[in-house]
Structure formats: C-alpha cells, structure tokens
Amino acid sequence: MAEPPGVRGSFSPPLCLPLCLCLSLLLGSTGSGALHHNRNVLLIIADDAGFESGVYNNTVVPTPSLGALAAHGLVFTHAFTSVSSCSPSRASLLTGLPQHQNGMYGLHQSVHHFNSFQGVRSLPMLLHQAGIRTGIIGKKHVGPEEVYPFDYAETEENNSILQVGRNITHIRQLVHTFLTGTSDRPFFLYVAFHDPHRCGHSHPQYGSFCEKFGNGEPGMGRIPDWRPRHYRPEQVTVPPFMPDTPASRSDLAAQYTTISRLDQGIGLVLKELAEAGHANDTLVIYSSDNGIPFPNGRTNLYRPGLAEPMVVHSPAHRQRWGQVSNAFVSLLDITPTILDWFDVPYPSYSIFGKGKLVQLTGRSLLPVLELEQPWETVFASQSHHEVTMYYPMRALHHLQYRLVHNLHFKMPFPIDQDLYVSPTFQDLLNRTLGGRPTHWDKTLSQYYYRERWELFDTRADPGEIHNLAWDPRYRPLLEDMQGQLRKWQWLTHDPWVCAPDGVLEDQGSYKLQPQCLPLYNQL
C-alpha cells in the first residue's frame, strides 16, 4: 500500500522482549551508580499531555514506558507549567524566564508571530557555549533562531510536524542518528513529541487527535513501530473539570490512543539511549508543555491548565528511584536544573543590554533528587495564546490555595481555534444554545466571564468553583498572596505589573525607582 504524505518509516524486527521489561533492565543496569566522565541530558516533552497514565493512577491507559521510567526515577505530584500555552511554555522552559520576561507572549507560528527578545540567553545557547552538543527532535515552536540555536535540529521548520512529532519510527531513527554522532562530547537532546495535541483544526482527515495517523488503515499510512490501542467511550475516565457527555467521552477515547503512541515512542527513545551506552550518564526529564486541550484546561491558569506530569530519572540519585515527591516544582526549574547538572553557571546580563539584570526565579531540582524539599509555591503568567486571544492573567499557587488575577476580567475569556472545532466544545455550545443539560459544573457564561481576583482552596474545592476572594474571612490570605504575586512580577520585570488600574513608569525620573501610577479607572 502506498503511504500518504506525512507518513514514512522502514520496518524493523520486533523487540526481543516486551519494551517495558527492556527499559527496566536497561535503566536499572547502572552498576554502583557512578557516572561516566560525561554527563548528558535527555529532555522529553509531550504536547498538551495530562495525567492519563498509569503513573498517575489512570488504569485505563497502559503507559509501560513511563511506568519503567517512574520505577527508576522520581514522580512529582505538584509540577506546574508557568504558562498554559505552547510556544510561551516552551520558551519559558528553555530560558528559565516567564513569558512576560522572555518576550514569547503567544504562539510563534504563522500570523501569531511571537518571538523571544533578541537579547535572551537560552539553555541551548549557554550549553553550546560550554562545549555541550545540543539537539532537538520534534516540535520546536519558538524563535528567533539566534536565541534558540541547536547543533542538530529536525523540527517542523525543516520537516512535516507529523513526521518528527508523531511518527515514532522516524523519531527513533533521528534519535539514533543524533546519539551516534555525539562522539565523546556531552550532549543535551530535547525530544518534543506532538502527541497528544489535537489536530482536528489542522489535519482533520486523521481524526480529532491524529489518532488515525499511521495506524495502517486505508489512506492513513503505517508507522512500523506503533501498535495502536483503541478505547471505547465508556472506558475513559472523565476528569471532573470536564463535561461528561458522549461527545467528550469519544474525544477522550481518541486522545487516549495518541497517549498510547506517545508512550510507545518514549520507550523507543529510551531504548536508543540505553543501547548507545548512555543509561548510566544521562539525566532524563519527562513532562508536558501545558494542560490538556479541553474546557478549564489549556489556556487557563486553573489547575487543569497548569498542572503537569513530571518524572525525573537520575543515575546519580538512585536513593529516590520509585518514590513520589510532593514538592511544588515548575517548568521554570528545568533550565537551572540542567545547568546545575552540567555545572554551567548562569550569566549575569541584561536582556536589553543595559539596566535590569536577569535573575532566574526557578531553582535546580537536583536537591529534591537527594532529599524531599519543603517547596510549596509556584507562579504563572499568561498574556496571549493565539494573537487574537489577549487575556492577560497572573497566578500564584501556595500550599492548597490558588490565586488568579484576571487583568481583562470585563472581557469574555477567549477560545482557541482547535478547541472550538473539537467535539467536546461543539457539543457544549449546542447543549447550551438548546437549553439542554451540559453535565458540567459551570455554565458557558460563567466560563467566559470571570471576576478580577479568584481565590480557591483546592483541597476543599478541587474543582475551583467557589471564589473566596471576596470572603472577609480570607482577606488576610488574599492580601498576602497578592503581595507575593506582585513581588514576583517586579522581580521578573513584568510590564503588566501595574495593570489594569495603573501605568508603569520606569524611565526618566522614575528609572531608579519605578512606580505604578494610578489611572483612577474605577477598577
């Protein structure tokens, strides 16, 4: 059968053992735990992935590769992105700087055209300067090139995103090529899968999540290393923040199929790493860029939009293999962690060549790989997703409390293109317009229109439904969290620090002491 455009790959002989067993044997075969002379890093980022995995107690979707990684690593229960949007999140994890500081305010591609500031010094730039070979395979989605240079790059910029992001056979081959070309240099390899991102907006012929891509059916092509798994709507576990309807269940069933492909792809990547002789010298980090693409998820600063899976395998920290950490960690911690692993210092510099010096607010995760840490606070910042989706928000999660500041609270919350055409959202729209039950804990109007300040006790109210911001009993907590958030905004040079009821003056006579001057706009 001729393969359609976008699917290619050669057949390979079957593995001699089940892949998860291979991985357990390979990851576990690290002898005394002593590292080779070189230290390396493999960063694996999924696209819009959540907690649909056995690692996080979802028993419906088998994820043996992630399970093997977790058995030889540390699983985080409170990992968060700093922004719930693709390009801004990827820019933040590759710079250690929130989106409002690195300049990637929204999506990078096409008409959206957001870029980080030219003066930003990214992780791949710093590692290259330190003599470490850098590579990226899959979804890059950030720019400009001079800020995010990689020695080896096979991305959507020079390939089909379906090829380098979802064709796990091709991804395996590219990983093999990179690893065999590293010689004796230490390396940083960033593998950015495109699964389980939606594709109903861009490639609808392959299904709402590209779950049909490469499955061997007529016209879909075949990915040789993929063994598709299919799910029935009644099997899925519907997260409590989503509508529970036949449409949403079918949507989730399609997502589950691509999560299975993602897991199999991760297994292939880890097998290539081990067979290249790097199981004993490579720090492996797995996470995702933002929350799942469903209502309350991606583009929101509620927990479903920010909470991420994270598993870290370190051959130098066997004492925490198979354990769980409740420490609060952020994707802003990835850059300082990798710099710490390679013993590469972070430079002292100003993004714009003079004035404010950059200071990382993330921290290295290596201490928590030694011993559990009492970390209990993370921050988030969002300005755009698509260029038309201007809805700036800032957030702080401290212990069980989440504070969200909706700067444009008088405007309706925007909906992105691929969520809008999704079966879940179309069903929600039709049910709302027809006056039928939505089987959701919110109305569409409540979802669109939000209060300026939202404070939730996520322990008592995991659905983040009951806003405590105006409850006088929580006024001291509210003011304390507002102060913490404002302090972080000043520290990270947030241009929105005075919005929406003030103007930031930081030039001329205000240069040494920037101030928020009031607008008296009755907000």
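Helices (H or I, at least four residues) and strands (E, at least two) are here DSSP runs, numbered from the N terminus. The model is predicted: local features need pLDDT of at least 70, side-chain atom pairs count only at pLDDT 80 or more, and totals for chains, interfaces and linings use all residues. Residues are numbered from 1 along each chain as its sequence is written, and side-chain values use heavy atoms, with hydrogens and water left out.

Q: Where does Glu-211 lie?
A: Glu-211 is placed in the loop between strand 5 (187–192) and helix 8 (246–275).

Q: Why is Glu-211 said to have no salt bridge?
A: A salt bridge requires a side-chain nitrogen of Lys or Arg within 4 Å of a carboxyl oxygen of Asp or Glu. Lys and Arg count as positive, Asp and Glu as negative, while His and the chain ends are not counted. The nearest side chain of opposite charge to Glu-211 is Lys-212, at 5.4 Å, and the cut-off is therefore not met. Glu-211 is nevertheless buried (under 20% relative accessible area; exposed is over 50%, partly exposed in between; 1.4 Å probe, protein chains only).

Q: Which residues is Glu-211 in contact with, leaving aside its neighbours within four places in sequence?
A: Contact means heavy atoms within 4.5 Å. On this basis the partners of Glu-211 are Tyr-206, Trp-226, Ala-254, Thr-257, Thr-258 and Arg-261. In addition, a polar atom of the Glu-211 side chain lies 3.4 Å from the backbone nitrogen of Ser-208.

Q: How do you know whether the length of helix 7 (residues 168–180) agrees with its number of residues?
A: The expected span is 1.5 Å times one less than the number of residues. For the 13 residues of helix 7 this gives 18 Å, and the end C-alpha atoms are 18 Å apart, so the two agree.

Q: Which parts do the buried residues of helix 7 pack against?
A: The buried residues of helix 7, including Ile-168, Leu-174 and Phe-178, pack against strand 3 (133–138), strand 4 (152–155), helix 6 (161–165), strand 5 and helix 8.

Q: What makes the pair of Phe-178 and Phe-187 edge-to-face or stacked?
A: The structure holds 19 aromatic pairs. The rings of Phe-178 and Phe-187 have centres 5.8 Å apart and planes at 85°, so the pair is edge-to-face. The rule is that rings of Phe, Tyr and Trp (its six-membered ring) pair if their centres lie within 6.5 Å; planes under 30 degrees apart count as stacked, over 60 as edge-to-face and the rest as tilted. Phe-178 is buried, at 0% relative accessible area, and Phe-187 likewise counts as buried at 0%.

Q: What kind of pair do Phe-379 and Trp-488 form, and why?
A: Their ring centres are 4.9 Å apart and their planes lie at 10°, so the pair is stacked. Phe-379 belongs to strand 9 (residues 377–382) and Trp-488 to helix 15 (residues 475–491), so the pair ties together parts 109 residues apart in sequence. Trp-488 counts as buried, at 4% relative accessibility.

Q: Why is Ser-183 called buried or exposed?
A: Its relative accessibility is 61%, and Ser-183 therefore counts as exposed. This residue is in the loop between helix 7 and strand 5, and its phi is near 60°, a positive value in a residue other than glycine.

Q: Where are cis peptide bonds found?
A: One joins Gly-143 and Pro-144, with omega about 5°; Pro-144 is in the loop between strand 3 and strand 4. Another runs from Asp-195 to Pro-196, with omega near 0°; Pro-196 is in the loop between strand 5 and helix 8.

Key
A polar contact is a pair of N or O atoms within 3.5 Å; within protein, one must be able to donate a hydrogen and the other to accept it, and residues adjacent in sequence count only if both atoms are side-chain atoms.
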